[in-house]
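Student: I should like to request a close look at a single part of this model, namely its aromatic rings. Would you please describe how they are placed, and then relate them to the rest of the chain?

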Amino acid sequence: MELLINPARKDWPSLCLRPSSDNPEVVKRVNSIIERVRKDGDLALKQIAEEIDVFIPYSLEVTKDELLEASDKVSAEVKHAIETASRNIAAFHKAQLPREIEVETQKGVRCIQRPVPISRVGIYIPGGTAPLFSTVLMLAIPARCAGCKEIIMCTPCGKDGKVAPEVLYSASVCGVDRIFKTGGAQAIAAMAYGSGSIPAVDKIFGPGNQYVTTAKQLLGNRITAIDMPAGPSEVMVLCDDSTDPRFAAADLLSQAEHGADSQVMLVSDSIDGARAVMEEVERQTETLDRADYIRKSLSKSRFIVFDEKKEMVDFANTYGPEHLIVSLKDAWSVVDQIYCAGSVFVGAYTPESAGDYASGTNHTLPTCAWARSYSGVNIDSFLKKMTIQEISGEGLKGLAPTIVAMAEAEGLQAHANAVTIRCGYEKK
């Protein structure tokens, strides 16, 4: 872990760089997978599964019997946790539902903005070293709250042909309509183009490895909408001499354990405090099962000390973290100055893991400084805003001089004619 004291502003851009994930070979490989799925659908999905030595299901779709079997395998404790988290997530996202707006902009001219649910959405849930059933809740619950007609889910199965029972149980609780046992870039391509068994969706959500992320980015430019650009997970902790170093270290490590490419940053106004956190990070790392992932992540991470709170705030906004923990004496005065963060966690007793699981906010957030321009997933992610207008004859006569003048100035005579032919308007 690197400790930096009062780095000059000219050095901030380099300190804000994330671990690079650009790999032309990955793009080439993903493009090949996308084209195979586009052409051959389900057959390509099974062939690719065979090539990467994973289970090749007779049927891609999860059956009702598999859902029942999964439910029996989930402990009562985990079921209760899922129900509690679901309730909180639903409460927060339902409160975000927008209202229809209607305005008479001038006499006889009525304009409406109506929120409309996206019809069919696809969610991707990674397999790998941890079954991210919490992400099922974070994506399927807002989709249901928004009124999406159909929710499709793709997730890889293990070599035994099974999907983690917690993932399937969560999907059942959230009302996911159909679940398919396929993963990787090929799953994203299947949801974008349709594969035969898997229907094409209107928008794709969910995290994944560099192949999944690359597939989403490529297909987002071609055929279907995606939730947001995304990269490896990250957290920044702002602390001072009031911060318990055990808490700060635990927050850093909770994000570092996501994977070797995750990045964690500590920003403090106290050298002694920063060093205390560093020592605590070393101590806690030794007690954790995923210590190997954590050490690789920490090798790309930084501890930075500034003399002034203003510098801390400015650096945080420059970095634009996915998660920002503000553990300071005057936390809210700092929060009110933050404008670039995916999700903010305020005070000593608000760990990032609360937002990951159960407080109610969404954990699907912009990374790699995309917080400068993107929101995290929210109810609007599953809605479109459609405009409607109705103009009376009198209203069009009143608006005609404006429309005709603008159309003719742009050289678009037919636009002007669409008005004059209706209301007999003659330019004076």
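Tutor: Let us begin with Phe 247, which is partly exposed, because its relative accessible area is 28% and the partly exposed class lies between 20% and 50%. Please bear in mind throughout that this is a predicted model. Tyr 349 has a relative accessibility of 73% and therefore counts as exposed.

These two residues belong together. The structure holds six aromatic pairs. In one of them, the ring centres of Phe 247 and Tyr 349 are 5.8 Å apart and the planes meet at 65 degrees, so this pair is edge-to-face. Phe 247 belongs to helix 10 (residues 245–256), whereas Tyr 349 lies in the loop between strand 13 (343–346) and helix 15 (352–357). With the two positions 102 residues apart, the pair links distant parts of the chain.

A further aromatic pair is formed by Phe 306 and Phe 315, with 5.7 Å from centre to centre and 50 degrees between the planes, an arrangement that counts as tilted. Phe 306 is buried, because its relative accessibility is 1%. Phe 315 is buried as well, at 0%. Ring pairs join Phe 306 and Phe 315 with Trp 12 into a cluster.

Rings may also have a charged group over them. Arg 18 lies over the face of Tyr 319, 3.6 Å from the centre of the ring. The charged end of Arg 290 sits over the ring of Tyr 293, at 4.5 Å from the ring centre.

We may now turn to the surroundings. The chain has 17 helices and 14 strands. Five of the strands form an open sheet in the order 6-5-4-7-8, with parallel pairing. Its edges are strand 6 (178–181) and strand 8 (225–226), each of which pairs on one side only. Within this sheet, strand 4 (residues 120–124) and strand 5 (residues 150–155) run parallel and are joined by five bridges. Val 121 stands opposite Ile 151 of strand 5. Helix 6 (residues 133–146) lies across strand 4, strand 5 and strand 7 (203–205), and runs at about 165 degrees to strand 5.

The cysteines deserve a separate word. A disulfide is a covalent bond between the sulfur atoms of two cysteines. A search of the whole structure finds zero disulfides. Cys 174 takes part in none, and the nearest cysteine sulfur, that of Cys 145, is 9.6 Å away. Cys 174 is buried, because its relative accessibility is 6%. The sulfur of Cys 239 is 17 Å from the closest cysteine sulfur, that of Cys 16, which is too far for a bond. Cys 239 also counts as buried, at 2% relative accessibility.

Finally, consider the chain as a whole. The C-alpha trace spans about 80 × 60 × 45 Å along its principal axes. Of the 428 residues, 47% count as buried; Phe 306 and Phe 315 are two residues in that class. Among the contacts with a separation of 6 or more, 73% are between residues 24 or more positions apart. The pair of Phe 247 and Tyr 349, 102 residues apart, is an example of a link between distant parts of the chain.

Note on methods:
Residues are numbered from 1 along each chain as its sequence is written. This is a predicted model: local features need pLDDT of at least 70, side-chain atom pairs count only at pLDDT 80 or more; totals for chains, interfaces and linings use all residues. Side-chain values use heavy atoms; hydrogens and water are left out. A disulfide is a pair of cysteine sulfur atoms within 2.5 Å. Buried means under 20% relative accessible area, exposed over 50%, partly exposed in between (1.4 Å probe, protein chains only). Rings of Phe, Tyr and Trp (its six-membered ring) pair if their centres lie within 6.5 Å; planes under 30 degrees apart count as stacked, over 60 as edge-to-face and the rest as tilted. Helices (H or I, at least four residues) and strands (E, at least two) are DSSP runs, numbered from the N terminus. A charge sits over a ring if NZ of Lys or CZ of Arg is within 6 Å of the ring centre and within 35 degrees of the ring normal. Two strands pair if DSSP finds at least two bridges between them. Contact means heavy atoms within 4.5 Å. Axes are lines fitted to C-alpha atoms, for helices over the stretch in contact, and angles run from 0 to 180 degrees between N-to-C directions.
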